[in-house]
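The following exercises introduce a protein model step by step. Please study the sequence and the structure, and attempt each task before reading its solution.

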Amino acid sequence: MTETAPAKIDTILAAARAHAAEVIAPNVDDWNRAARWPRAASDAAGAAGLTGLYAPEDWGGQGLPLSEGIRVYEELGRADGAYAFALSMHNICTFAGCGFGTDAFKAKWARDLTSGRKLANFALTEPQSGSDPVTMYSRATINDDGTWTISGAKAWVSLATEADIYFTVVKTSDVPGHKDMAMIAIPADAPGLSFGPLYDTPSYRFLPMAEMYMKDVVVSAENIILPVGQGLQGSLMAIDIARVSIASGCCGLMQAALDTALAYSANRKMFGGKNLDLEGIQWMLGDVATELEASRLLYRAAAAALGTPEGPLMAAHAKRFVPDAALKAANTCTQVLGGMGLLAPYGLDRLSRLAQMLKVVDGTTEISRVVIGRSLQKRAATLDPLPIPKGFGEA
Ligand SMILES: Cc1cc2nc3c(=O)[nH]c(=O)nc-3n(C[C@H](O)[C@H](O)[C@H](O)COP(=O)(O)OP(=O)(O)OC[C@H]3O[C@@H](n4cnc5c(N)ncnc54)[C@H](O)[C@@H]3O)c2cc1C
């Protein structure tokens, strides 16, 4: 009988599982204490094939479809959601660069990005605009020789000072709206690019985040990733992928919280038995298990919908539901351990803080509700109106 080779996704998922168990989990507390990005770990992620998930094999990537590659973050999220988030952003930028970048850009950057030798991140948010990215003040002027001169400030830039290139969304005029938006990749060593002090975060301290300042930064036209007019639409597509990636990472977080609670509760003696013998505790953890199953089904359905007309709505459903479920799961599991749940070695407090962070990044829970609400209004418009009794609903 001939043995069939394992599917590529199975090999990559096994590599992600090993990376989470051997590289992230044993070291993440030290990374947080050191408050420094673990470059050796992301180099190892690159060597394991985790930094070019969706990029074509011709450029050194894994060539996985989004629906498969996104499952990697569930594995990484078991160990740390912030690390999973940072790699997901790198993978999305790498996918965009290899898919939409110029030939010159690909020749210069693609293999370094897919191999993880160089890291990329996405800079959209500005100090005055997070949920409302159209209100953007970063400006690019297109020069006669085709280069772009960029000035402005970005906020909440992850991997700040650590990434080698920043996929930056800018406006190219003062006309209100998004029709003049574009995305250009700014190398970290471009003259005029600088960063503010790193944000002081209570957790996930190893992920450097800061404001990014651009003062007359000149960038070659080779680095245009999304031309004028496509900046916002392309960014929203990237954000949809990011939203589902976060939901995937949250499932790993929920599994980690549940496993910690089960391993403790099955061992904690009380009332002549074990904590897990109590029906009330089984119900609490049973609800976590149900929400985990529902979350997995939802993010995988959303991942399958990416690139279809249903993609944005499904990504919004996943980003609305799953991080909320993860925060609830982390808090419930903390409660199951009683006082011990509050102690650092069990790691549950870290998971709660990560879940709260994952509710905010790449569009808050409320912004997902806005997307879902708009879709409900569209559906309502297709339905036969129900009569409202005379006298009701009139001014
Ligand atoms: C850890 C971390 C990493 C990040 N990394 C990056 C990065 O690498 N690159 C990048 O570009 N950005 C990054 N961000 C920014 C992130 O995407 C924004 O924080 C997010 O979009 C929310 O924007 P804001 O923080 O400005 O909140 P605001 O937009 O000020 O929102 C404040 C509150 O108002 C609510 N709200 C907004 N609009 C509505 C509405 N219509 N109805 C009801 N409520 C509403 C929001 O949900 C929120 O609760 C990161 C953020 C964090 C926390």
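**Exercise 1: Two domains in contact**

Task: Determine how many residues of domain 1 are in contact with domain 2, and which elements supply them.

Solution: In total, 23 residues of domain 1 are in contact with 20 residues of domain 2; two residues are in contact if their C-beta atoms, placed from the backbone, lie within 7 Å. On the side of domain 1 that touches domain 2, the elements giving two or more residues are helix 2 (28-34), helix 6 (81-100) and helix 7 (103-114). Helices (H or I, at least four residues) and strands (E, at least two) are DSSP runs, numbered from the N terminus. Helix 6 provides the largest share of this side, 10 residues. By class, this side of domain 1 has 16 nonpolar, six polar and one charged residues. Here Ala, Val, Leu, Ile, Met, Phe, Trp, Tyr, Cys and Pro count as nonpolar, Asp, Glu, Lys and Arg as charged, and the others, Gly among them, as polar.

The model is predicted: local features need pLDDT of at least 70 and side-chain atom pairs count only at pLDDT 80 or more, while totals for chains, interfaces and linings use all residues. Residues are numbered from 1 along each chain as its sequence is written.

**Exercise 2: The division of the chain**

Task: State into which domains the protein chain is divided.

Solution: The domains are domain 1 (8-114), domain 2 (120-230) and domain 3 (233-381), with bounds from an automatic or database domain assignment. Between the C-alpha centres of domain 1 and domain 2 the distance is 22 Å.

**Exercise 3: The ligand shell**

Task: Explain where the ligand shell lies with respect to the domains, and which residues come nearest.

Solution: Both domain 2 and domain 3 give residues to the shell around the ligand, so it lies between them. Of the 21 residues around the ligand, the nearest are G130, S131, S158, T364 and E366; a residue is near if its C-beta atom, placed from the backbone, lies within 6 Å of the molecule. At least two shell residues each come from strand 1 (120-123), strand 3 (148-158), helix 11 (348-360) and helix 12 (365-382). The shell has 12 nonpolar, seven polar and two charged residues.

**Exercise 4: Strand 1**

Task: Describe which strand joins strand 1, and how the two run.

Solution: Strand 1 is joined by four bridges to strand 4 (residues 165-171), and the two run parallel; strands pair if DSSP finds at least two bridges between them. F167 in strand 4 is the bridge partner of F122.
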